[in-house]
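Student: I should like to work through the packing of this protein step by step. May we begin by looking at the sequence and the structure together?

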Amino acid sequence: MRLIDPHIHMVSRTTDDYQAMALAGIRTVTEPAFWAGFDRRTVHGFADYFRQLTEAEPARAARHGIDHYCWICMNPKEAEDQALASEVLSIIPSFLDHPRALGIGEIGLNRNTRSEVRVLEQHIELAAARSELVLVHTPHLEDKRKGTRLIMDVIRNEPRIDPGRVIIDHGEEHTVPEIKARGHWVGLTVYPTTKCSPARAADLIERTGVERIWVNSAADWGSSDPLATIKTAQELRRRRHPEELIQRIFCDNPRAFLTQSSKFRG
Ligand SMILES: [Zn+2]
């Protein structure tokens, strides 16, 4: 089985992680642009990061037999400075042209401010104009449902965006049904402490079915686990789900979404 972890921040992970993932059967990863843990202050900082995502990290992954793709955007946490945001938005298209860039992500909202909403709208306009896939991060707040709905409303306001080409990530029990009802794909993120545990992700899959769902680790510089997808597959096996279901969730589904970009060959 050629597993895909469709959301992982490998720039924050070690070579040992790549080795462990390759040994466990993960053959393809996709890496959204995200917040580095501190605010980048200049457009050059973003340009260097986008070069790392499109050039350096695919080369590092290839040394372990892992195929690496990425997503490009400016994170909402850094969107308060409108002048910087427009500078960064002006360099994004040239990085989206890269053969390893699958689309725009992970965009979304953090504190739901007007600046964040404006920068989200600009990314959505760009995605519509270029027919890019979109990967959306939803906030980890207690008002997750409200934040998720706000983001989906911004997407719905852009009629050129096909909802089936948008994945809304970090879905939970109270957001998954509405995300699916709007025609989007949904991502479940399995984390050791916050977000979903493998058991909770398995419960959610049993309740909502496997249609338009993928599972990812979203492993980054915080407490997270690059083998979270494997552990969730194991939990489903322990519950005696057939291999076909596991194949569908961890291989076929992410491939079906990602091959909507002609660049994806995983
Ligand atoms: Zn992420």
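Tutor: The questions below concern a predicted model, and they take up its helix contacts, its strands and one loop residue in turn.

Student: In what relative direction do helix H8 and helix H9 run?

Tutor: The axes of H8, residues 228-238, and H9, residues 243-258, come within 10 Å and cross at roughly 160°. Angles over 145 degrees count as roughly antiparallel. The crossing angle therefore makes the direction of H8 relative to H9 roughly antiparallel.

Student: Which residues of H9 make the contact with H8, and how many residues of this contact are nonpolar?

Tutor: The crossing of H8 and H9 is right-handed. On the H8 side the contact involves Thr229, Ala233, Leu236 and Arg237, and on the H9 side Leu245, Ile246 and Phe250. By class, the contact has one charged and one polar residue, and the number of nonpolar residues is five.

Student: How is helix H4 oriented with respect to helix H5?

Tutor: H4 covers residues 114-130 and H5 covers residues 144-156; their axes come within 10 Å and cross at roughly 40°. Angles under 35 degrees count as roughly parallel, and 65 to 115 as roughly perpendicular. The crossing angle therefore makes the orientation of H4 to H5 oblique.

Student: How many charged residues does the contact of H4 with H5 have?

Tutor: H4 contributes Val117, Leu120, Glu121 and Ile124, whereas H5 contributes Ile151, Val154 and Ile155. Glu counts as charged, while Val, Leu and Ile count as nonpolar. The contact thus has six nonpolar residues and no polar ones, and its number of charged residues is one.

Student: In which sense do strand S1 and strand S2 pair?

Tutor: S2 spans residues 26-32, and six of its seven residues are buried. Isoleucine 4 stands opposite threonine 28 in S2. S1, residues 3-5, pairs with S2 over three bridges, and the sense is parallel.

Student: Is arginine 160 buried or exposed?

Tutor: Arginine 160 is located in the loop between H5 and strand S6, 166-168. A residue with 12 or fewer other C-beta atoms within 10 Å counts as exposed. Because arginine 160 has 10 C-beta neighbours inside 10 Å, its class is exposed.

Student: What separates the C-alpha atoms of arginine 160 and serine 131?

Tutor: Arginine 160 belongs to the loop between H5 and S6. Along the chain, arginine 160 and serine 131 are 29 residues apart. In the predicted model, the separation of their C-alpha atoms is 8.4 Å.

Key
Residues numbered from 1 in each chain as written. Predicted model: local features only at pLDDT ≥ 70, side-chain atom pairs only at ≥ 80, totals over all residues. Axes fitted to C-alpha atoms, helices over the stretch in contact; angles between N-to-C directions. Helix = DSSP H or I, 4+ residues; strand = E, 2+ residues; numbered from the N terminus. Left-handed = near helix turned anticlockwise from the far one by under 90°. Contact = placed C-beta atoms within 7 Å. Buried ≥ 20, exposed ≤ 12 C-beta atoms within 10 Å, placed from the backbone. Pairing = 2+ DSSP bridges.
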